[in-house]
Amino acid sequence: MSRGRAGLHLPEKMKEDAFKITTDETWHAQFTYDTLKQVERRTGVPTHMPETPQFVESLDRIHRRIDPDLRGIDELVFAVVSETLISNMLAEIPRDERLPVSVRELVADHAEDEGKHHAYFSSLLEYVGT
Ligand SMILES: [Fe+2]
Ligand SMILES: [Fe+2]
């Protein structure tokens, strides 16, 4: 979307914000990986990240089967659904006092970003629907 390759004609501000979301998600991936490695070092329990997450394989299957004229809408729908669902889940975790403060703060930071992403993808859906 930021580079205009999603088949959408977005206003410049929405393209700029899409770049910021890409940066946010890269940071989320980095600190999640870092947290996993810290847990591994402290507990001695090996962590495992699949080479390809299962949902990516499912999405690829859907993408291959979809009518070629509609290809791309599946990715857009997935982004809208996932980016608007995760913010509510993440907002709950920092309030869970059973978790270590460091985990709660980390998730709170992520939740703040995802709240912005939620707003972006909600407005994107409205924009595309008009
Ligand atoms: Fe994220
Ligand atoms: Fe996000």
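This passage walks through the two iron sites, the aromatic pairs, the salt bridges and a nonpolar surface patch of a predicted model.

Local features are taken where pLDDT is at least 70, side-chain atom pairs count only at pLDDT 80 or more, and totals for chains, interfaces and linings use all residues. Residues are numbered from 1 along each chain as its sequence is written, chains are lettered from A and ligands numbered from 1 in the order in which they are written, and side-chain values use heavy atoms, with hydrogens and water left out.

The metal sites come first. For the iron ion (ligand 1), the protein donors are Glu-25 (OE), His-28 (ND1), His-110 (NE2) and Glu-114 (OE), at 2.0 to 2.4 Å. Donors here are N, O and S atoms within 2.8 Å of the metal (3.2 Å for Na, K and Ca), and since water is not among the atoms, sites may look incomplete. Along the chain, these donor residues follow the spacing E-x2-H-x81-H-x3-E. The arrangement around the iron ion (ligand 1) is irregular because its four donor atoms subtend angles of 81 to 161 degrees. As for the cut-offs, four donors are tetrahedral if all angles lie between 85 and 135 degrees; four are square planar and six octahedral if opposite donors are over 155 degrees apart and all others between 65 and 115; anything else is irregular.

Glu-25 also reaches the other metal: this residue bridges the iron ion (ligand 1) and the iron ion (ligand 2), which lie 3.8 Å apart. Glu-25 and His-28 sit three residues apart in helix H1, so about one helical turn separates them. Helices (H or I, at least four residues) are DSSP runs, numbered from the N terminus. Glu-25 is partly exposed at a relative accessible area of 26%, whereas His-28 is buried at 3%. In these terms, buried is under 20% relative accessible area, exposed is over 50%, and partly exposed is in between (1.4 Å probe, protein chains only).

The iron ion (ligand 2) takes its protein donors from Glu-25 (OE), Glu-83 (OE), Glu-83 (OE), Glu-114 (OE), Glu-114 (OE) and His-117 (ND1), 1.8 to 2.7 Å away. Their spacing in sequence reads E-x57-E-x30-E-x2-H. This site is irregular too, with angles of 52 to 142 degrees among the six donor atoms. Glu-114 and His-117 are about one helical turn apart, because three residues separate them in helix H4 (residues 101-129). Both of these residues are buried.

Next, the rings. Rings of Phe, Tyr and Trp (its six-membered ring) pair if their centres lie within 6.5 Å, and planes under 30 degrees apart are stacked, over 60 edge-to-face and the rest tilted. That rule gives three aromatic pairs. One of them joins Trp-27 and Phe-31, which are edge-to-face because their ring planes stand at 75 degrees, with centres 5.3 Å apart. The two residues lie four apart in helix H1 (residues 12-43), so about one helical turn lies between them. Trp-27 is partly exposed at 42%, while Phe-31 is buried, with a relative accessibility of 7%. Another pair is Tyr-120 with Phe-121: their centres are 5.2 Å apart and their planes meet at 80 degrees, so this pair is edge-to-face as well. Tyr-120 and Phe-121 are both buried.

Then there are the charged side chains. A salt bridge is a side-chain nitrogen of Lys or Arg within 4 Å of a carboxyl oxygen of Asp or Glu, and the count comes to five. Among them is the one between Asp-17 and Lys-20, whose closest N and O atoms are 3.7 Å apart. Both residues belong to helix H1, three residues or about one turn apart, and a network of salt bridges links Lys-13, Asp-17 and Lys-20. Lys-20 itself is partly exposed, at 47%. Helix H1 also holds Glu-40 and Lys-37, again three residues apart, and their side chains form a salt bridge at 3.3 Å, N to O. Glu-40 is partly exposed at 22%, and Lys-37 is likewise partly exposed at 22%. Asp-96 and Arg-98 meet at 2.6 Å, N to O; Arg-98 is exposed, at 74%.

Finally, the surface carries a nonpolar patch made of Leu-70, Ile-73, Val-77, Val-81 and Leu-85, with about 430 Å² of accessible area together. Patches consist of residues with over 30% relative accessible area and no salt bridge, like charges being joined within 9 Å and nonpolar side chains (Val, Leu, Ile, Met, Phe, Trp, Tyr) within 5 Å. Accessible areas come from the Shrake-Rupley method with a 1.4 Å probe, and for residues only the protein chains shown count as cover. Ile-73 lies in helix H3 (residues 73-92) and is partly exposed at 41%.
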